[in-house]
Amino acid sequence: MKPEQIKAMEELGAKGARWGELWDVYLRAAFFMHGHVCGGMPLGFRAGVVALKALKSERELNMGKVVFVETGTGHAAGCFADGVQMATGCTFGKGLIERTGYGKWALVLVEKDTRRAVRVSVRPEVMEAAFKSPFLEMRRKGTPPTEVPLEIGVGLVENLFQKSDEQLFVVSEVFEYPLPEKPKPTFEIVKCQQCGEMVAANKVRFKEGQLLCIPCSGYGG
Ligand SMILES: [Zn+2]
Ligand SMILES: [Zn+2]
């Protein structure tokens with residue numbers, strides 16, 4: 001990473017302090033995790049902060065919330081989802097984020113216990129402006145995000161951060177989300193009798209008298 005990119009991420013990350021204690025740390029972490037300065041990630045990050053605020057909830061440290069992010073694959077500005085993940089704390093590893101694949105810049109954040117939920121979507125005019133920005137113009141021509149002149153990305157983010165929540169997002173009323181019950185996670189592991197690797201007990205398959213991992217069993221997941 002170039003020194004000027006590191007400096008830009010440090011400076012932009014510091015702007016997270018406006019949302020309260022530790023938010024500069026989380027925003028800074030989000031930039032470094034994401035890897036480049038673009039508009040999509042910070043927009044998702046702010047949407048996540050707005051959703052937490054609407055539910056009067058904190059960034060998820062445990063397993064208490066889940067987020068459905070409405071971006072898809074194979075389209076520009078999917079970076080939004082990384083921002084949502086970092087801000088809400090509903091991470092991939094904790095199994096708390098799902099992508100609906102709609103190709104939309106919105107999220108639904110759900111509190112598992114109460115099923116209280118809120119949907120936050122980016123205003124159409126914000127997305128239209130983003131897709132006309134010089135950043136997207138260069139991306140459209142095939143320039144990788146890190147090769148777009150840094151000041152263009154930084155300008156995009158600074159512009160986003162000058163706007164109010166209301167200017168950027170539509171926030172739903174809090175509603176009840178029909179979250180299906182999920183089985184409790186397992187804390188047991190088993191050794192696959194073919195490859196010898198350890199497998200979570202609830203993912204083991206039984207075939208011809210053997211306990212096998214999914215790939216060795218040849219069965220689907
Ligand atoms: Zn990005
Ligand atoms: Zn195996």
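Here are some notes on this predicted model, mostly about its zinc sites and what sits around them.

1. Start with the overall layout. The domain assignment splits the chain into domain 1, residues 3-176, and domain 2, residues 186-221. Taken over C-alpha atoms, the centres of domain 1 and domain 2 are 37 Å apart.

2. Next, the zinc ion (ligand 1). Its protein donors are H34 through NE2, H36 through NE2, C38 through SG and C79 through SG, at distances of 2.0 to 2.3 Å. Along the chain the donors are spaced as H-x1-H-x1-C-x40-C. H34 belongs to helix α2 (residues 23-34) while C79 sits in the loop between β1 (65-69) and α4 (80-88), so this pair ties together parts that are 45 residues apart in sequence.

3. What about the geometry at ligand 1? The angles subtended by the four donor atoms run from 95 to 121°, which makes the arrangement around this zinc ion tetrahedral. If you set up restraints or a bonded model, that's the arrangement you'd be starting from here.

4. How accessible are these donors, buried or exposed? H34 has 12% relative accessibility and counts as buried. C38 is buried too, at 2%. C79 comes out at 21% and is classed as partly exposed; the cut-off for buried is under 20%.

5. C38 deserves a paragraph to itself. You'll find C38 in the loop between α2 and α3 (40-54). Leaving out residues up to four places away in sequence, C38 touches C79, F135 and V157. There is also a long-range pairing in sequence terms: C38 and P144 are 106 residues apart along the chain, yet their C-alpha atoms are 11 Å apart in space.

6. The helices on either side of that loop pack against each other. The axes of α2 and α3 come within 11 Å and cross at roughly 145°, and the crossing is right-handed. On the α2 side the contact is made by W23, Y26, L27, A30, F31 and H34; on the α3 side M41, P42, F45, V49 and L52 take part. Note that H34 appears in this list and is also a donor to the zinc ion (ligand 1).

7. A quick look at Q85, which lies in helix α4. Its relative accessible area is 14%, so Q85 is buried. Setting aside neighbours within four places in sequence, Q85 is in contact with M33, C90, T91, F92 and I97.

8. Now the zinc ion (ligand 2). Which atoms hold it? C192, C195, C213 and C216 coordinate it, each through SG, at 2.3 to 2.4 Å. The spacing of these donors along the chain is C-x2-C-x17-C-x2-C. C192 is in the loop between β7 (189-191) and β8 (198-200) and C216 is in helix α9 (residues 214-217), so the pair ties together parts that are 24 residues apart in sequence.

9. The site of ligand 2 is tetrahedral, with angles of 99 to 118° among its four donor atoms. As for accessibility, C192 is buried at 3%, whereas C216 is partly exposed with a relative accessible area of 22%.

Methods
Residues numbered from 1 in each chain as written. Chains lettered and ligands numbered in written order. Predicted model: local features only at pLDDT ≥ 70, side-chain atom pairs only at ≥ 80, totals over all residues. Heavy atoms only, no water. Donors = N, O, S within 2.8 Å, 3.2 Å for Na, K, Ca; no water. Tetrahedral: all angles 85-135°; square planar, octahedral: opposite > 155°, others 65-115°. Helix = DSSP H or I, 4+ residues; strand = E, 2+ residues; numbered from the N terminus. Buried < 20%, exposed > 50% of the residue type's maximum accessible area, 1.4 Å probe, protein only. Domains from an automatic or database assignment. Contact = heavy atoms within 4.5 Å. Axes fitted to C-alpha atoms, helices over the stretch in contact; angles between N-to-C directions. Left-handed = near helix turned anticlockwise from the far one by under 90°.
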